[in-house]
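Biologist: I am new to this structure. Please show me how to read it, one feature at a time.

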Amino acid sequence: MQVEYAKAKWSEKFLVLDLLEGLKTTLRELFKPKVTIRYPEERMEPADRFRGMFKFSYDRCIACKLCAVACPIDIIYIDVHDEIIQEGEKKKKVKVLDRYDIDVKRCMFCSLCEEACPTKPKSIWLTTKTYELATYDRNDLYFNMQELEYWDDRPKFTGLPEDDDVKRIKGQKQIAGGTE
Ligand code: SF4
Ligand code: SF4
């Protein structure tokens, strides 16, 4: 079926009404408050329900592995061993954490690990409000338990890399691509 469009009026042909309509929108938006910010000089505060970088507490963790079982893509790696400790007259068997790693680069931040964690407060949680996870090397996004607990010591991104850093990064890329 052929669609018939209404013929343009002569006034629409000679007067640039569409252009004026566009300029009207531009003018209206010009005086509205800006929604963008000058990152990284300014930073936005995420909502309370925002899921960002993990935080882990070795002291709270009871090495039950429920978080690893709940993870739908199996990126939490936990190794434990049993130890016998003396508590007064009695001997008690406890689980000791040897390894607690998360391959964060594959994470989809679903928070199922946090939900599965039975400790109160949680031993693993994602509500740190940290979203600055960008890195030049994918391997930097594999965190062991020390890194998961103390990552907030890492320097914050404050601007573009200095000249030396740019050369180093470019060099790495060329080596990775086999050009050097
Ligand atoms: S938030 Fe990441 S680590 Fe936790 S369950 Fe989801 S995919 Fe797995
Ligand atoms: S983080 Fe929570 S769910 Fe995971 S092993 Fe520790 S106590 Fe268990």
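Biologist: In which sense do E2 and E3 pair, and over how many bridges?

Modeller: Start with the terms. Strands (E, at least two residues) and helices (H or I, at least four) are DSSP runs, numbered from the N terminus. Two strands pair if DSSP finds at least two bridges between them. Here E2 and E3 pair in the antiparallel sense, over 12 bridges. As one example, Gln 86 stands opposite Lys 91 in E3. The hairpin of E2 and E3 has two residues between the strands, and Gly 88 takes a positive phi near 65 degrees there.

Biologist: How are the residues numbered, and is this model predicted or not?

Modeller: Residues are numbered from 1 along each chain as its sequence is written, while chains are lettered from A and ligands numbered from 1 in the order in which they are written. This is a predicted model: local features need pLDDT of at least 70, side-chain atom pairs count only at pLDDT 80 or more, and totals for chains, interfaces and linings use all residues.

Biologist: Which strands form the open sheet, and in what order?

Modeller: Three strands form it, in the order E2-E3-E5, with antiparallel pairing. The edge strands are E2 (76–87) and E5 (142–143), each pairing on one side only. Two bridges join E3 (residues 90–103) to E5. Ile 102 has Phe 143 in E5 as its bridge partner.

Biologist: How many residues of E2 are buried?

Modeller: Count neighbours. A residue is buried if 20 or more other C-beta atoms lie within 10 Å of its own, exposed if 12 or fewer, and partly exposed in between; C-beta atoms are placed from the backbone. Of the 12 residues of E2, one is buried, so the strand lies largely in the open. Across the 180 residues of the protein chain, buried residues make up 9%.

Biologist: Which residues of the largest nonpolar core touch the most other members?

Modeller: In soluble globular proteins, nonpolar side chains tend to be buried together. A nonpolar core is a set of buried Ala, Val, Leu, Ile, Met, Phe, Trp, Tyr and Cys residues joined through C-beta atoms within 7 Å. The largest one here has 13 residues; Phe 54, Phe 56, Cys 67, Ile 102, Cys 113, Cys 117 and Ile 124 touch the most other members.

Biologist: Where is Leu 66 found, and what is it in contact with?

Modeller: Leu 66 is found in helix H3. Two residues are in contact if their C-beta atoms, placed from the backbone, lie within 7 Å. Leaving aside neighbours within four places in sequence, Leu 66 is in contact with Ala 116, Cys 117 and Pro 118. The C-alpha atoms of Leu 66 and Pro 118 are separated by 8.0 Å, though the two are 52 residues apart along the chain. Leu 66 is partly exposed, with 17 other C-beta atoms within 10 Å.

Biologist: Which residues are the closest to each ligand?

Modeller: For ligand 1 they are Cys 71, Cys 107, Cys 110, Leu 112 and Cys 113. For ligand 2 they are Cys 61, Cys 64, Cys 67, Cys 117 and Ser 123. A residue is near a molecule if its C-beta atom, placed from the backbone, lies within 6 Å of it. By that rule, 13 residues surround ligand 1, and 13 surround ligand 2.

Biologist: Which helix has the lowest mean pLDDT?

Modeller: pLDDT is the predictor's confidence in each residue, from 0 to 100. Among the elements, helix H6 (residues 163–176) has the lowest mean, 56, and helix H3 (residues 66–70) the highest, 97. Over residues 173–180, pLDDT stays under 50. Where pLDDT is low, the predicted coordinates should not be read in detail.
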